[in-house]
Amino acid sequence: MKHIVSEELKNDIFNLRMVIGSILIVVVAFVSRIDMFQKLIDLGNSPEGPGWYVAYRYCIYAFNTLLIIPIAVPLAAGENTEAELRSRFSLFSYIRAGKKPYLISKTLGLILSGGLMVLGSMVVMMIFSIVGFRNIQPLDLRTINMSEIYIWLVFTVPIGFLNGAFWALIGGLAAVITKNKHMAYTVPFILYYVLTVFQERYYRKLFYLSPRYWVDSYIYGELPCVLILLVLTVFVSILFMKAVKRRLDNA
């Protein structure tokens, strides 16, 4: 049983689409922030902090970066469960592994593939920021609290992972419910865009209604962002398992 579950996870995580999704996130992040990188280089310093820190924040909080994540993270495994259910291969898999292990493995596949894709792209962004902007110093060291920067940096790991996991689960859930694998990529993007625009236009002070501020800790701080994304991820995980179980029961 453990062997079957591990094989399921490998199929969801170690594939070419995982690499393509990571590259897509990184490229969009870099391209959308070229102007800000150039400003950092031209000024030679920054009032916001060390150059590597500022460049990294530019990358992970860029509007286009956060917008592309819901599109990219379902690439690795978003359509896999729906494809198995449609081909009825899922019946063979869950009989061998057991229904509960099968459901858990498919859920973990989405969580790990989405989370690790975002973390992988963040590592590349961090390396780029350190190599390219390590010599750019803060404008005034006395106004910079490095301990706060390091705490923020640590929290970007669970926030980034949970953000990727959440949108991957949304994609997988959408595909299973609609019985259309293409919805794994369409629904997360539309949901992110609609919620973001809705908050910016009609509820400008209610930042928690926007997916952007579930990730950007500038408004609420790091810990609330982690808790929001954790609750949402657990909730969608339960919905996903229920939706798959229902399809299996009716197969």
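Reader: Why is Lys-179 called partly exposed?

Author: In this predicted model, Lys-179 has a relative accessibility of 47%, and since partly exposed covers the range between 20% and 50%, that value places Lys-179 in the partly exposed class.

Reader: Where does Lys-179 lie, and what is notable about its phi?

Author: Lys-179 belongs to the loop between helix 10 and helix 11, and its phi is positive, about 60°, although Lys-179 is not a glycine. Most residues other than glycine have a negative phi.

Reader: What makes Phe-128 and Phe-133 an edge-to-face pair?

Author: Their ring centres are 5.9 Å apart, and the limit for a pair is 6.5 Å, so the distance qualifies them as a pair. The planes stand at 70° to each other, and because an angle over 60 degrees counts as edge-to-face, the pair receives that name. As for accessibility, Phe-133 is buried at 3%, whereas Phe-128 is partly exposed at 28%.

Reader: Why is the pair of Phe-198 and Tyr-202 called tilted?

Author: The centres of Phe-198 and Tyr-202 lie 5.4 Å apart, with 50° between the planes; an angle that is neither under 30 degrees nor over 60 counts as tilted, and therefore 50° gives a tilted pair. The two residues are four apart in helix 11 (residues 183–202), which means that about one helical turn separates them. Phe-198 is partly exposed at 39%, while Tyr-202, at 56%, is exposed, because the threshold for that class is over 50%.

Reader: How many aromatic pairs does a search of the whole structure find, and which residues do ring pairs link into a cluster?

Author: The search finds 15 aromatic pairs, and ring pairs link Trp-52, Tyr-53, Tyr-56, Tyr-61 and Trp-152 into a cluster.

Reader: How do you know that the buried residues of helix 2 line one face?

Author: The buried residues of helix 2 (residues 16–32) are Met-18, Gly-21, Ser-22, Ile-25, Val-26, Ala-29 and Phe-30. Looking down the axis of helix 2, one finds these buried residues within an arc of 160°, and so they line one face of the helix. On the other side of helix 2, Leu-16 and Val-31 are exposed.

Reader: What describes the packing of helix 5 and helix 11, and which residues meet there?

Author: The axes of helix 5 (residues 63–72) and helix 11 are 7 Å apart, and the helices pack at an angle of about 145°. From helix 5, Phe-63, Leu-66, Leu-67, Pro-70 and Ile-71 meet a set of helix 11 residues that includes Tyr-185, Pro-188 and Phe-189. Of the residues in this contact, ten are nonpolar, one is polar and none is charged.

Reader: What makes Ser-210 count as buried, and what does Ser-210 touch?

Author: The relative accessible area of Ser-210 is 0%, and because buried means under 20%, Ser-210 is classed as buried. Ser-210 lies in the loop between helix 11 and helix 12, and, leaving out residues up to four places away in sequence, it touches Leu-195, Thr-196 and Gln-199.

Reader: Why is Phe-155 called partly exposed, and which residues does Phe-155 touch?

Author: Phe-155, found in helix 10 (residues 146–178), has a relative accessible area of 25%, and since the buried class ends at 20%, Phe-155 is partly exposed. Not counting residues up to four places away in sequence, Phe-155 touches Glu-222, Leu-223 and Val-226. Although Phe-155 and Val-226 are 71 residues apart along the chain, their C-alpha atoms are separated by 7.9 Å.

Conventions:
Residues numbered from 1 in each chain as written. Predicted model: local features only at pLDDT ≥ 70, side-chain atom pairs only at ≥ 80, totals over all residues. Heavy atoms only, no water. Phe/Tyr/Trp six-rings, centres within 6.5 Å; stacked < 30°, edge-to-face > 60°. Buried < 20%, exposed > 50% of the residue type's maximum accessible area, 1.4 Å probe, protein only. Axes fitted to C-alpha atoms, helices over the stretch in contact; angles between N-to-C directions. Contact = heavy atoms within 4.5 Å. Nonpolar A, V, L, I, M, F, W, Y, C, P; charged D, E, K, R; others polar. Expected span 1.5 Å × (residues − 1). Arc of directions from axis to C-beta.
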